Amino acid sequence: MKLTIVGGGIAGLSAAHRALELARERGVALDLTLLEARERLGGTIATERVDGFLVEAGPDSFLSEKPWALALCCRLGVEDRLVRTDDRFRKVFVWYRGRLHPLPDGFQLLAPTAMLPFATSSLFSLPGKLRMALDLVLPRGGGDDESLGAFVRRRLGAEALERVAQPLVAGIYTADPDDLSLTATMPRFIELERTERSVILGLRRALRRAPLPGTSGARWSLFVTFAGGMEEFVTALAARLPAGAVALKQRVSRLERTGARWRVTTAEGLRVEADRVILATESHATARLTRYVHPALATLLEEIPYASAATVSLGYRRADVPHALDGFGFVVPRSEGKALLAGTFSSVKYPGRAPEGHVLIRSFLGGMLNAGMLAEDDEALVARARQELRAALGIAAAPVLTRLHRWPASMPQYRVGHLTRVEAIDRVLATLPGLALAGAAYRGVGIADAVRSGEAAAEQALEYPRA
């Protein structure tokens, strides 16, 4: 069987690795080709080591409570390279009205679970706290799909949305909560309302049944990374691929159906015949490739919008940073009118990210609500990040290290109705035997979700009857 995978990000690499596993298990002779437009594998995952700093250009970790990435690490034999967050500094701050307020202990993304820290928090007003507490008595509500913004306003009030939910969601999805589909992103909260009525009570009961990773002596913290950076994951996957399977700097320009098989052609002139094809590219790129294969499929794929983002990583001498940095970082509500979406204290969150006597802080800019920001040049973006870190953390000194990374059209937006669109995509794919899709555009944007998506595509590809 000849399998061609287009896209060498984590979804494409996971698809390739799983396909090889399945071929060995089933005794299938697999001829694998992976085509990547860039000069390197990994997609948005890239790690740089410079002057004792370890800088992540893109994702810096993955969720351990979603099992797929962790399970893959175990099968790759790299579990011993994983490191936890430093649980002494689990605190997250919210930049509100000119200062950093700790998010109350026990706050689970949208709602509180520990009443005393919530009641004494400086982040919320008394009317805001009372409105959130109203969730305890409100009846069930909502419809089939609902925006996250509408859900939080309905259950917990505007203050919960503006000061916590919106900035936290911006940090995860770079999205507008009033567009974001709750069903596609956080179905747990819909289920809590359905089964428990009150979101707060439901979260408290769930925590009693199954405490969060990192809170009860579990081996792994909620977020996990590699000692040498996330690029270790890419390297481990790439090392398992057969010699000659990967072709870099090959931008796929055409996909054709040729009878029962497929033909993949690159702009550089490479032509590959395949029995199965997995497209592990952003949905806008996948739409371009499928336009002449199935126009309706291309239209559905084009309807998934994307946001752009940038990261600015700054290294400082520890003595030049007045703030205690006693947390993982901070998020910034849209109402503050800042350029930054969030900041991560990278050298606090994970070990080995800065040399002795130094710290590494990573800032995030752009997203759906601040897209115009990225029209500025690199120098202006770095200047904005430095200016706002000075306001937030009191840093007046110049950094000893500066790195900026741009990620245009890289974050899919799961708008209301997203899962209905994905189901329509699946129905079309059922009419195109031998073609499968993978990536962050469909059923999850995180690293663990990308692994699941790639592995599912591989399983689908190898399930079709062999020619």
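**Close-up views of a predicted model**

**View 1. Gly-27 and the helix before it.** Just after helix α1, Gly-27 takes a positive phi of about 70°. Please keep in mind for every view that this is a predicted model. The helix that comes before Gly-27 is α1, which covers residues 10-26 and so counts 17 residues. From the first C-alpha of α1 to the last, the reach is 24 Å, close to the 24 Å expected at 1.5 Å a residue. How many of the residues of α1 are buried? The count is 14 of 17, and α1 is thus mostly covered.

**View 2. The hairpin of β7 and β8.** Here strand β7 (residues 92-96) and strand β8 (residues 99-102) run antiparallel, joined by four bridges. Look for Phe-93, which stands opposite Pro-102 in β8. Two residues lie between the strands of this hairpin, and Arg-97 takes a positive phi near 50° there.

**View 3. Phe-189 and its surroundings.** Phe-189 belongs to helix α8, which spans residues 187-196. Is Phe-189 buried or exposed? Phe-189 counts as buried because its relative accessibility is 4%, and the cut-off for buried is under 20%. Which residues does Phe-189 touch, leaving aside neighbours within four places in sequence? Its contacts are Gln-108, Leu-109, Leu-110, Phe-151, Val-199 and Leu-203. Gly-202 is also worth finding in this view: Phe-189 and Gly-202 are 13 residues apart along the chain, and their C-alpha atoms are separated by 8.8 Å.

Definitions and conventions
Residues are numbered from 1 along each chain as its sequence is written. This is a predicted model: local features need pLDDT of at least 70, side-chain atom pairs count only at pLDDT 80 or more; totals for chains, interfaces and linings use all residues. Side-chain values use heavy atoms; hydrogens and water are left out. Buried means under 20% relative accessible area, exposed over 50%, partly exposed in between (1.4 Å probe, protein chains only). Contact means heavy atoms within 4.5 Å. Two strands pair if DSSP finds at least two bridges between them. The expected span of a helix is 1.5 Å times one less than its number of residues.
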